[in-house]
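Here is a short report on one protein chain. Keep the sequence and the 3D view open while reading.

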Amino acid sequence: MRRLRAKAEKAPLGRSQTNHTKQEVTQAGAFLAWLAGQGRATGQCQQADIHAWHAENLATRRPSQSFLRWCMKTGRMPRLTLPPTVITQDSEPLHQHRRLAILRRVLNDDSPPLRARVAAALVLLYAQTVSRFVRLTIDDVTDDETTVTVHLVNPASPLSEPDTDLMRAYIQSRQHLPYASSRSSQ
């Protein structure tokens, strides 16, 4: 309300600002009712409750996050993690021809950093989220001199020849990178 009043002092409020604030209040009340239905007060809220609340319909539940942050900030609720902002994606999937053209460019254009090229190649090859690849360590890559495999799931996935060369170049270049924590960083 304080934020809304401050905006109203500067200029008349638009319909979207008013509707958004109404939605925040409505969802805050809905969350409290839902949590009470789970047999918990705000001070007893758990991370699993936050996940369950947002799992039903993230877009509808998002307006409650201002209230949840306020509850955590003021100590009315334990500090918990809220789901990240929704990332909108293209409505159309990447067509195979376009994907292969981008992959060719990633493999042949050495102007972007090698680390970015390896990440882009993995995303294009395996159609996984970037967060999946960020968790990979050097131990998840196996090079037996013939084949390079990446351990995303069991069994490990082999890389094709041009991708193998790119991965080997990246692994080799890691020896020369400065790491803040240690030179043996995985």
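## Helix α9

This is a predicted model. Start with helix α9, which covers residues 161-173. The helix has 13 residues, and at 1.5 Å a residue they should span 18 Å. The C-alpha atoms at its ends are 18 Å apart, so the expected and modelled spans agree.

The buried residues of α9 are Asp163, Thr164, Leu166, Met167 and Tyr170. Looking down the axis of α9, these buried residues fall within an arc of 165 degrees, so they line one face of the helix. A general rule helps here. An α-helix has 3.6 residues a turn, so residues three or four places apart point the same way.

## What covers α9

Both helices and strands take part. The cover over the buried residues of α9 includes helices α6 (96-108) and α7 (114-126). It also includes strands β1 (141-143) and β2 (148-150). α9 lies across β1 and β2, and runs at about 80 degrees to β2.

## The sheet

The sheet is open and has 3 strands, in the order β1-β2-β3. Their pairing is antiparallel. β1 and β3 (157-158) stand at the edges. Each has a single partner strand, so one side of each is left without a neighbour in the sheet.

β1 and β2 run antiparallel and are joined by 3 bridges. One pairing can be picked out by residue: Asp143 has Val148 in β2 as its bridge partner. In general, strands of a sheet pair through backbone hydrogen bonds, either parallel or antiparallel.

## A buried glutamine in α2

Is Gln27 buried or exposed? Its place is in helix α2, residues 15-37. Gln27 has 6% relative accessibility. The cut-off for buried is under 20%, so Gln27 counts as buried.

Which residues does Gln27 touch, leaving aside those up to four places away in sequence? They are Trp53, Thr60, Arg61, Pro63 and Ser64.

## The whole chain

The protein has 9 helices and 3 strands. Along the sequence the pattern reads α-α-α-α-α-α-α-α-β-β-β-α. In this pattern the three strands come after eight helices, and a helix follows them.

Of the 186 residues in the protein, 27% are buried. The accessible surface comes to about 13000 Å². Carbon and sulfur atoms account for 54% of that surface. Now take the contacts between residues at least 6 apart in sequence: 44% of them join residues at least 24 apart.

Note on methods:
Residues numbered from 1 in each chain as written. Predicted model: local features only at pLDDT ≥ 70, side-chain atom pairs only at ≥ 80, totals over all residues. Heavy atoms only, no water. Helix = DSSP H or I, 4+ residues; strand = E, 2+ residues; numbered from the N terminus. Buried < 20%, exposed > 50% of the residue type's maximum accessible area, 1.4 Å probe, protein only. Contact = heavy atoms within 4.5 Å. Areas by Shrake-Rupley, 256 points an atom, 1.4 Å probe, with all protein chains shown as cover. Expected span 1.5 Å × (residues − 1). Arc of directions from axis to C-beta. Pairing = 2+ DSSP bridges. Axes fitted to C-alpha atoms, helices over the stretch in contact; angles between N-to-C directions.
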